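Student: Could you take me through one part of this model up close? I'd like to see how a pair of helices sits together, and then a look around.

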Amino acid sequence: MSTRFINEAGLKALNQLAYKRPRAFLDANPHALTAFIEEEAGTQDIWGANLDIRGDISSLNEISGGGPDTDAQFVPMVRQALSHLTPTDGLDEYRWATINCFVIPQYVPTRWGNATPKEEKGLPGHVKRHWLDGGKVDARRSNAIARLWWLGEYASRAAKHTALYDEGELLDAMANNVNMYHQLLARAYLVSRDRLVAAVYEVFLDDNDYLRATKYANQLMRNLNFRAASVSFDMMTISELREEVEEAKPPKER
């Protein structure tokens, strides 16, 4: 098992392998994967600096289930082991690819097993999304370990601005209602306003469970995005932001 970062040549080799032998990732054998990418890279060195993980996340390899219901359970473990990371570090695709492929290789195919394409032609894209694409906004939705870290990051930020719900409650709301969370992620301005995120989840958790449906979540975020063009959310208190969210909330169809 590698304890060093994959470097640029290593990540390139992994991406090439994703198209040539995607099942090498699904097999979850880091030693075999290392041999494949070393062969792919030829004489180029594929390893960089030491990888700093300050806790044990190897138990992620041993989970028996998968799916979103397990996400909130594992976020605290990931956040503790990677508590030293900054949001800039959280965009480092080399870090997430290294961890997914060589530290928790069994976790990734288990977590995303239900989404594995049945046809071979769909496997390269599947591997890139869940193992390798760690530097993009969409990685916060799909990259196996990056999304856990970012879920914890957003819950932690929002918890500082609400007295109604603690970090664990916000984390559960985000992880177990992915339509709401994904619609926030899709709008960079909204998700980067921590008080607004707190206000959104205060409203959601205040008996507005219907907002978890895609059409309602999408409309809510579209309304907030439109409103942000004419007012500054940065200048508002959490109470004022909550009023904005209430006004932007689409009515529930009967």
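**A helix pair up close**

Tutor: Let's start with α11 and α13, which run roughly antiparallel to each other. This is a predicted model, so keep that in mind as you look. The reason for calling them antiparallel is the angle: the axes of α11 (residues 178–185) and α13 (residues 194–205) cross at roughly 155°, and anything over 145 counts as roughly antiparallel. Those two axes come within 12 Å, and the crossing is right-handed. Now zoom in on the side chains. From α11, the contact uses Met180, Tyr181 and Leu184, while α13 brings Val197, Val200, Tyr201 and Phe204. Sort the residues of this contact by type and you get seven nonpolar, no polar and no charged.

While you're in this stretch of the chain, have a look at leucine 241, which lies in helix α15 (residues 238–248). Leaving aside residues up to four places away in sequence, leucine 241 touches Arg195, Leu196, Ala199, Phe233 and Met236. Leucine 241 has a relative accessible area of 1%, and since buried means under 20%, it counts as buried. For a sense of scale, pick valine 103: leucine 241 is 138 residues from it in sequence and 41 Å from it in space, C-alpha to C-alpha.

One more helix for the tour is α9 (residues 144–159). Its 16 residues reach 24 Å from first C-alpha to last, close to the 22 Å expected at 1.5 Å a residue. Helix α9 is also mostly covered, with 16 of its 16 residues buried.

How values were computed:
Residues are numbered from 1 along each chain as its sequence is written. This is a predicted model: local features need pLDDT of at least 70, side-chain atom pairs count only at pLDDT 80 or more; totals for chains, interfaces and linings use all residues. Side-chain values use heavy atoms; hydrogens and water are left out. Axes are lines fitted to C-alpha atoms, for helices over the stretch in contact, and angles run from 0 to 180 degrees between N-to-C directions. Helices (H or I, at least four residues) and strands (E, at least two) are DSSP runs, numbered from the N terminus. Angles under 35 degrees count as roughly parallel, over 145 as roughly antiparallel, 65 to 115 as roughly perpendicular and the rest as oblique. A crossing is left-handed if the near helix is turned anticlockwise from the far one by less than a right angle, and right-handed if clockwise. Contact means heavy atoms within 4.5 Å. Ala, Val, Leu, Ile, Met, Phe, Trp, Tyr, Cys and Pro count as nonpolar, Asp, Glu, Lys and Arg as charged, and the others, Gly among them, as polar. Buried means under 20% relative accessible area, exposed over 50%, partly exposed in between (1.4 Å probe, protein chains only). The expected span of a helix is 1.5 Å times one less than its number of residues.
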